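Colleague: I should like to go through this structure step by step. May we begin with the terms and then turn to the chain itself?

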Amino acid sequence: GGPLPTYDNITHNEEEQLEKYAAEYKYPGSFGSPTPDGWIVKIQDAIAAAEKENSDIKVYFVGGQNLLPRMFQGLFFDVGLALFAIALVGAFMWLQIGSVLLCACGMFQILASFVLTLSTWKLFGNGSFTFMHGLVIYIILGVGADDIFVFTDAWKQSRSQTASIS
């Protein structure tokens, strides 16, 4: 909100107010974080104290130049979880299959299908990307890994069959 203290309104020395507001972040821009002794941290501390005092209160302080850093903070956490899930499935696949090459090909198949799925979605004129689309990576990861396990198990079981089948 504005204006900042000592200013009459938000258009009074607007550039100066924006500079002071931007100076609140260590790294100006979308990925910045508030300075430890700045006013944003003071507001967050006051909100945390109020929420601690009364558990029925939940305040979300997001807006203006504080919006993008908050969004990216959540986005980076979610992307980290997705990368962890991909690494975990890859490690389990490698242990289960026993081949780095098959594991790498399988992970490529899974990730390529995710890209193809989103491209097809966009090709048919759907421009939105919702929360459910973010969950698709986990669905494709599970189904793709399962396909690889089924194919490799079938291949391993074919050794015990007659020569005409194997």
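Modeller: Buried means under 20% relative accessible area, exposed means over 50%, and partly exposed lies in between, with a 1.4 Å probe and protein chains only. This is a predicted model, in which local features need pLDDT of at least 70 and side-chain atom pairs count only at pLDDT 80 or more, while totals for chains, interfaces and linings use all residues. Residues are numbered from 1 along each chain as its sequence is written, and side-chain values use heavy atoms, with hydrogens and water left out.

Colleague: How many helices and strands does the protein chain have?

Modeller: Helices (H or I, at least four residues) and strands (E, at least two) are DSSP runs, numbered from the N terminus. Along the sequence the pattern reads α-α-α-α-α. The count is therefore five helices and zero strands.

Colleague: Is Cys-105 buried, partly exposed or exposed?

Modeller: The relative accessibility of Cys-105 is 45%. That value falls between the limits of 20% and 50%, so Cys-105 counts as partly exposed.

Colleague: How many disulfides does a search of the whole structure find?

Modeller: A disulfide is a pair of cysteine sulfur atoms within 2.5 Å. For Cys-103, which counts as buried at 9% relative accessibility, the closest cysteine sulfur is that of Cys-105, 9.3 Å away and too far for a bond. The search of the whole structure gives zero disulfides.

Colleague: Which helix supplies the largest share of the largest nonpolar core?

Modeller: A nonpolar core is a set of buried Ala, Val, Leu, Ile, Met, Phe, Trp, Tyr and Cys residues joined through side-chain atoms within 4.5 Å. The largest one has 14 residues, and those with the most contacts inside it are Met-93, Met-107, Ile-110 and Leu-141. At least two residues come from each of α3, α4 (100-123) and α5. The largest share, six residues, comes from α5.

Colleague: Which helix supplies the largest share of the nonpolar patch?

Modeller: Patches are made of residues with over 30% relative accessible area and no salt bridge (a side-chain nitrogen of Lys or Arg within 4 Å of a carboxyl oxygen of Asp or Glu); like charges are joined within 9 Å and nonpolar side chains (Val, Leu, Ile, Met, Phe, Trp, Tyr) within 5 Å. Phe-77, Leu-81, Phe-131, Met-132, Leu-135 and Tyr-138 make a nonpolar surface patch of about 650 Å², with areas from the Shrake-Rupley method and a 1.4 Å probe, where for residues only the protein chains shown count as cover. Leu-135 has a relative accessible area of 31%, and α3 (67-97) and α5 (131-157) each supply at least two residues. The largest share, four residues, comes from α5.
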